[in-house]
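Trainee: Please take a close look at the strand pairing in this model. Start with a helix as a check on the geometry, then go through the pairing strand by strand.

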Amino acid sequence: MSSETAEPTLRVMSLHALAYCERLFYLEEVEEIRVADEAVWAGRQLHAELDEPGDVVEMTLESAALGIRGRLDALRRRSGELYPVEHKRGRARRGAGGEPAAWESDAVQAAAYAMLLEEHAGRPVAEARIRYHRDGVTVRLPIAEAERAAVVRAVARARELARSPDRPRVTDDERKCVRCSLAPVCLPEESRFAEAEAHSSPAAERGTPGALAPGGAGAVRGAAAEALPSPVRLYPPDTERRSLHVVSHGARVGRSSDAFEVSEREGERTRIGAREVSDIVVHGHAQITTQALRLCAAEEIAVHFVAAGGAHVGVFSGGSSGVQRRIRQFRGLTDDAFAIGLARRLVMAKIEMQLRHVLRASRKDGAVRAGIEEPIEMLRGGLRRAAKAVDRTSLIGQEGSAARGYFGALAALVHPEAGDALRPRGRSRRPPEDRFNALLSFGYTLLYRDVLSAILRVGLEPGFGVLHQPRSAAFPLALDLTELFRVPVVDMAVLGAVNRRTFDPERDFVITGRQVWLSDAGRRAFIEVYERRKHEEYRHDVLGFSLSYARMMELEARLLEKEWSGEPGLFARFRIR
């Protein structure tokens, strides 16, 4: 076989992942998703601190015949015999009599290194050794026919998995997931929960017309499903990184080593480490340098450009996602009936949260509630009809009808002390015609940007959605997922801030004819409100654990991916209470 057509060699570390969990191997090696958590950093530190200068020789070896490559932790010679030593942070496995033994994944890895060393040295390698630092023991591993055959089988299985666009199923051994760095990507407990729920409540909503009752997500679960325990919490509650907004006219984002340096016109400079930044939002006439963009590409930090009027102009996103994720997405969403089922869930989730928001905000004022009974009935009717809709046209029609009722009710929810200047007059956009709508429009732009970033992190194609069709410069899938978060992240935050009189009608807005925009001061004030809201934690009413809305955006993108990856059932199920 020529070198041009030969398959690339596999990392020996990938065989370790394969023996531990085939899904872990697929995510890391095929889809190229890697997350350096605390355990990974600690492992790297261990290898950096090994201090045996007489023995340790780091050596990178590759074998086309074996189909593997890797770097030995240590190469040692004793009594004329060579053997590799592999270092592990954890404890050794214990046999029936308590004697230390190698874990299966460690044994495959060590045997692979021994076979590489054997080919490179041109002499037999009879054993490998594995040093377990947690309990201070060294396990000697004979390299016999069984160990060699295990490596050959692992390479063959790895090749087989790499040729498939489908992820392997979640491992049956739940204990392996607890310490896995890719648990927030794999979502194993959520997959198990969805599967158990499907078995307990076969009639649970899967995108079929009318299956989701107006009572909410919990209404479809059934008595048996209600008894299911919540999944184990493996998903982080909030993002460690934060968005960097550059608002000042003429400000510039540059690079200083592994950090961003924001320079203001007045001469003020602010330095922010790249690992503290989730994405950068360049507003208006602010700028970003090529050097900073290169750092963003290296760290997979999206850069969004937002016009002075609040419109999302475009996004720069470095890196590339695995083609397997997009193959699964295209394959799933070319089934129109399947896509419409997902679209129905989105529309019903949006309308139901609009209804709950209106009911919640008016529950303490009988006069207000009485004054919005007609909009409330419009929302309830839209929810019932959306449950029976069988095409996008009908769904979009019910969404629009419910929206008219919803925005008709919002004006009554603004507290009288907030003043008429901040009271909405229905929904207006392109341009917004009142201050409340100016806040909503800017908030929806920020939300769209966050959802788009989440979609890009997950590795989906944002141009291929389930409800929205391609139009203008907006990505349909980003518009789809935005529908889930309009009410809890933007609408509730705007109404709360207006009622608390956070915004000054004169200072924070600019009026040009019939157009109303946020001023620089208004944008700064709103960004603070929005970012604070985005990182508030909320208890997911189906999964049972709390996480920030920022995290929930990424979670919903991953749950959506599961819908066409063989693990459906949890997408668009959360609701505000």
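**A helix, then the sheet**

Mentor: Helix α18 covers residues 520-534, and at 1.5 Å a residue its 15 residues should span 21 Å; the end C-alpha atoms lie 21 Å apart, so the expected and computed spans agree. Bear in mind that this is a predicted model. Among the buried residues of α18 are Phe526, Ile527, Val529 and Tyr530, and the list also includes the charged residues Arg523, Glu531, Arg533 and Lys534.

Now the sheet. Strands of a sheet pair through backbone hydrogen bonds, in either a parallel or an antiparallel sense. Here 3 strands make an open sheet with mixed pairing, in the order β1-β3-β2. Strands β1 (10-11) and β2 are at the edges with a single partner strand each, so each has one side without a neighbour in the sheet.

Take the antiparallel pair. Strand β2 runs over residues 59-63 and β3 over residues 68-72, and 5 bridges join them. Within this pairing, Thr60 has Arg71 of β3 as its bridge partner. Thr60 also belongs, with Glu62, to the uncovered face of β2, whereas Met59, Leu61 and Ser63 make up the covered face. The hairpin of β2 and β3 has 4 residues between the strands, and Gly67 there adopts a positive phi near 80°.

The parallel pair is β1 with β3, held over 2 bridges. In that pairing Leu10 stands opposite Ile68 of β3.

How values were computed:
Residues are numbered from 1 along each chain as its sequence is written. This is a predicted model: local features need pLDDT of at least 70, side-chain atom pairs count only at pLDDT 80 or more; totals for chains, interfaces and linings use all residues. Side-chain values use heavy atoms; hydrogens and water are left out. The expected span of a helix is 1.5 Å times one less than its number of residues. Buried means under 20% relative accessible area, exposed over 50%, partly exposed in between (1.4 Å probe, protein chains only). Two strands pair if DSSP finds at least two bridges between them.
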